[in-house]
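Here are some notes to read alongside the model, written for someone meeting this kind of structure early on. Please keep the view open and find each residue as it is named.

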Amino acid sequence: MPDPLTVASGICAAGALLSSWQLGRRAVRAEAEIGRLQAELTAERHAASHDPLTGLPNRRAFYRLAATLLTDRSGCHLIAVVLDLDDFKQINDRYGHAAGDQVLVSVAQRLATFAGDNLVARLGGDEFAGLLASPTLDRRWIDHATRRLYDMLAAPIPMGAVTLRVTASVGLAPVLDSQLTEALNRADAAMYEAKALGSSRPGRALRDTAYLAEC
């Protein structure tokens, strides 16, 4: 006849093993749930700060990230850039909104490539903005960067049997004394001036030249 104490000890040991296994399963499920919630939170934060079409930061994120950059310039000058596509409505009207979306995605990718590690964002519609670090306020350097940006944006965009070319009106202005809003307003005014000049100005880009060095 088995010893009752031995049987009781065995039952307790088995119960302990079962409880340990159940606790382990619960811990695994809890970790998985925490991971799922963290992933959802990350996705929600990304969605709240990024444009869903182009993946660029949105207007709110642009101002938040720009404020951080203004506190740490690392000795560089900052140039505010505002650009707006020319005659974008005609693309939507002629080729459809899907084509218009593809153009916006292509423009966003080219702008991000041009900017590199610098901040660029889609403010809304066909309007984009950037905050570029510049080693100098030399006008020739700014002009060269502007022409390079314009050429990248004006390159053909393959779209099935159709190849589209788009141009953009661009305005630039240096950020002075950390006054980002003022610089963006000046860049925006330069952009609209360039758009008003139309094809009479090659490149359709204007700089807020009052604060650029004649070097």
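1. Two of the terms used below need fixing at the start: helices and strands are DSSP runs, of at least four residues for a helix and at least two for a strand, and they are numbered from the N terminus. Please also keep in mind throughout that this is a predicted model.

2. With those terms in hand, consider the cavity, for which the count comes to one of 30 Å³ or more, and whose volume is about 30 Å³. Its lining is made up of Val81, Leu111, Phe114, Val120, Ala129, Gly130, Leu132 and Leu149. Which elements each supply at least two residues of this lining? They are helix 4, which spans 97-115, and strand 3, and it is strand 3 that gives the most, with three residues.

3. The character of that lining deserves a separate remark, since by class it holds seven nonpolar residues and one polar residue, with no charged residues. A student may wonder which residue is the polar one, and the answer follows from the classes, because Gly counts among the polar residues and Gly130 is on the list of lining residues.

4. Strand 3 (residues 127-134) also has a partner, for it pairs with strand 2 in the antiparallel sense over five bridges. Within this pairing, Arg122 stands opposite Phe128 of strand 3. The two strands form a hairpin with two residues between them, and there Gly125 takes a positive phi near 55°.

5. Is strand 2 largely enclosed or largely open? Five of the six residues in strand 2 (residues 119-124) are buried, so this strand is largely enclosed by the rest of the structure.

6. Another backbone angle to check is that of Asp87, which has a positive phi of about 55° although Asp87 is not a glycine. This residue is found in the loop that runs between strand 1 (77-85) and helix 3 (88-95).

7. Finally, turn to the aromatic rings, where the count comes to one pair. The rings of Phe62 and Tyr63 have centres 5.5 Å apart and planes at 80°, so the pair is edge-to-face, given that planes over 60 degrees apart are counted in that way. As for how far each partner is covered, Phe62 is buried, with a relative accessible area of 0%, whereas Tyr63 counts as partly exposed, at 34% relative accessibility.

Methods
Residues are numbered from 1 along each chain as its sequence is written. This is a predicted model: local features need pLDDT of at least 70, side-chain atom pairs count only at pLDDT 80 or more; totals for chains, interfaces and linings use all residues. Side-chain values use heavy atoms; hydrogens and water are left out. Buried means under 20% relative accessible area, exposed over 50%, partly exposed in between (1.4 Å probe, protein chains only). Two strands pair if DSSP finds at least two bridges between them. On a 1 Å grid over the protein atoms alone, a cavity is a set of points where a 1.4 Å probe fits but cannot get out, and a pocket is an open set with protein on both sides within 12 Å along at least five of seven lines; lining residues have an atom within 4 Å of a point. Grid points are joined across faces, edges and corners, and a volume is the space filled by probe spheres set on the points. Rings of Phe, Tyr and Trp (its six-membered ring) pair if their centres lie within 6.5 Å; planes under 30 degrees apart count as stacked, over 60 as edge-to-face and the rest as tilted.
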